Amino acid sequence: MASWKKKLQGLVAATLTPMTENGDINFSVIGQYVDYLVKEQGVKNVFVNGTTGEGLSLSISERRQVAEEWVTQGRNKLDQVVIHVGALSLKESQELAQHAAEIGADGIAVIAPFFFKPWNKDILINFLREVAAAAPTLPFYYYHIPALTGVKIRAEELLDGIQDKIPTFQGLKFSDTDLLDFGQCVDQNHQRQFALLFGVDEQLLSGLVMGATGAVGSTYNYLGKNTNQMLEAFEQKDFSSALNYQFCIQQFINFVVKLGFGVSQTKAIMTLVSGIPMGPPRLPLQKATREFTDSAEAKLKSLGFLFH
């Protein structure tokens with residue numbers, strides 16, 4: 001068993017992929033993006049080319065270039081750069097996994113294939129195992145997001161005996177609201193030191209109470225500092241403060257969800273808060289409206305999340 005560097009824990013920002021107005025990737029701002037996360041938000045881990053990064057809307061060559069840029073710019077600044085390498089094609093997924101290992105990424109993650117879907121745990125594990133084997137030196141994480149993949153195989157079931165099949169398996173990004181499933185992932189794997197990363201930002205405190213070891217999410221791009229305060233309060237067993245932080249974050253997320261909140265809107269908010277242009281999303285996603293951005297800005301200010 002290879003010995004990994006330290007366990008992936010704390011906050012992990014699911015990074016956006018900055019684009020120019022004509023839809024090309026704007027690589028020139030990624031260095032600035034890294035500095036912003038570290039200095040302004042206190043976030044030192046990233047999850048690249050996932051849902052928030054529009055990974056599945058990018059070509060394979062673009063995904064490779066984006067991964068390279070994050071690894072290069074993050075060197076000596078970020079603790080861990082995990083690359084999402086999931087794809088509908090096993091071969092493409094393996095190519096991306098191998099590439100992540102070659103460029104010095106700190107781990108890879110994979111979602112379940114969602115067109116031809118695996119219909120049971122063994123089939124899903126067979127797919128994941130083939131991808132993991134393409135990068136045998138890297139920690140491997142499963143990205144559980146049933147609402148988007150339509151693959152409803154429970155994470156707790158999947159984890160049962162998974163290291164026998166995938167020796168590099170190190171943990172899970174759990175993007176689902178089923179706390180029974182998540183709690184069982186924690187409870188049944190105490191000995192295994194897995195990274196059990198919660199992926200629903202507005203419910204993170206519940207995830208922490210259940211034993212999450214960290215969190216991956218899009219709001220940590222611009223609310224990382226506030227969420228870190230919640231983590232700190234939780235660690236100090238100051239639960240009423242932790243709850244206040246969570247409710248405050250929930251107020252913002254609840255507000256934007258009612259307006260229609262997705263990757264496009266996250267790009268607009270990140271541009272607003274960080275001053276780094278994230279640009280529009282790729283079709284079929286539509287650019288956030290001016291009305292959305294103005295409303296989100298007013299809400300951020302009223303909650304004390306935005307000072308300029």
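In which hand, left or right, does α1 pass α2? Keep that question in mind while you set up the view. The model is predicted.

**Stop 1: α1 and α2**

Select helix α1, residues 30–41. Then add helix α2, residues 60–74. The two axes are 9 Å apart and pack at an angle of about 55 degrees. Angles under 35 degrees count as roughly parallel, and 65 to 115 as roughly perpendicular. α1 and α2 are therefore oblique to each other. Now the opening question: the crossing of α1 past α2 is right-handed.

Show side chains at the contact. From α1, pick Ile30, Gly31, Tyr33, Val34 and Leu37. From α2, pick Glu69, Trp70, Gln73 and Gly74. Colour them by class. You should get five nonpolar residues, three polar and one charged in the contact of α1 with α2.

**Stop 2: α1 and α10**

Keep α1 on screen. Hide α2 and select helix α10, residues 220–235. How do α1 and α10 run, roughly parallel or roughly antiparallel? Look down the pair. Their axes come within 9 Å and cross at roughly 20 degrees. α1 and α10 are therefore roughly parallel to each other. The crossing of α1 and α10 is right-handed.

Now the contact residues. On α1, select Tyr33, Tyr36, Leu37, Glu40 and Gln41. On α10, select Tyr220, Asn221, Tyr222, Leu223, Gly224, Lys225 and Asn228. By class, the contact of α1 with α10 holds six nonpolar, four polar and two charged residues.

Pause on Tyr33 and Leu37. Both are in the contact of α1 with α2, and both meet α10 as well.

**Stop 3: the annotated active site**

Clear the selection. Pick Tyr143 and Lys173. UniProt lists these two under "active site", in an unreviewed entry. They are spread over 31 residues of sequence, yet they cluster in space, with a largest C-alpha distance of 4.7 Å. The lining of the largest pocket includes both Tyr143 and Lys173. Turn on the ribbon around Tyr143. Tyr143 sits in strand β5, residues 140–144.

**Stop 4: the annotated binding site**

Add Thr52 and Val216. The unreviewed UniProt entry gives them the annotation "binding site". They span 165 residues of sequence but cluster in space, and the largest C-alpha distance is 10.6 Å. Thr52 and Val216 are also included in the lining of the largest pocket. Keep the pocket surface on, and you can view this pair together with Tyr143 and Lys173.

Where is Thr52 in the fold? Follow the chain out of β2 (45–48). Thr52 is in the loop between β2 and α2.

Stay on that loop and select Glu54. Glu54 too lies between β2 and α2. Check its backbone. Most residues other than glycine have a negative phi. Glu54 is not a glycine, but its phi is positive, about 55 degrees.

**Stop 5: α12 and α13**

Move on to helix α12, residues 263–274, and helix α13, residues 290–302. Their axes come within 10 Å and cross at roughly 55 degrees. That angle makes α12 oblique to α13. The crossing of α12 past α13 is right-handed.

Select the contact. α12 supplies Gln265, Ala268, Ile269, Leu272 and Val273. α13 supplies Phe292, Thr293, Ala296, Glu297 and Leu300. By class, the contact of α12 with α13 has seven nonpolar residues, two polar and one charged.

**Stop 6: the loop between α12 and α13**

Trace the chain from α12 towards α13 and stop at Pro284, which is in the loop between them. Which kind of peptide bond, cis or trans, joins Leu283 and Pro284? Most peptide bonds are trans. The bond between Leu283 and Pro284 is cis, with an omega of about 10 degrees.

Technical notes
Residues numbered from 1 in each chain as written. Predicted model: local features only at pLDDT ≥ 70, side-chain atom pairs only at ≥ 80, totals over all residues. Heavy atoms only, no water. Axes fitted to C-alpha atoms, helices over the stretch in contact; angles between N-to-C directions. Helix = DSSP H or I, 4+ residues; strand = E, 2+ residues; numbered from the N terminus. Parallel < 35°, antiparallel > 145°, perpendicular 65-115°, else oblique. Left-handed = near helix turned anticlockwise from the far one by under 90°. Contact = heavy atoms within 4.5 Å. Nonpolar A, V, L, I, M, F, W, Y, C, P; charged D, E, K, R; others polar. UniProt positions renumbered as here; feature names shortened; annotations may be inferred. 1 Å grid on protein atoms, 1.4 Å probe; cavity = no way out; pocket = protein on both sides within 12 Å on 5 of 7 lines; lining within 4 Å.
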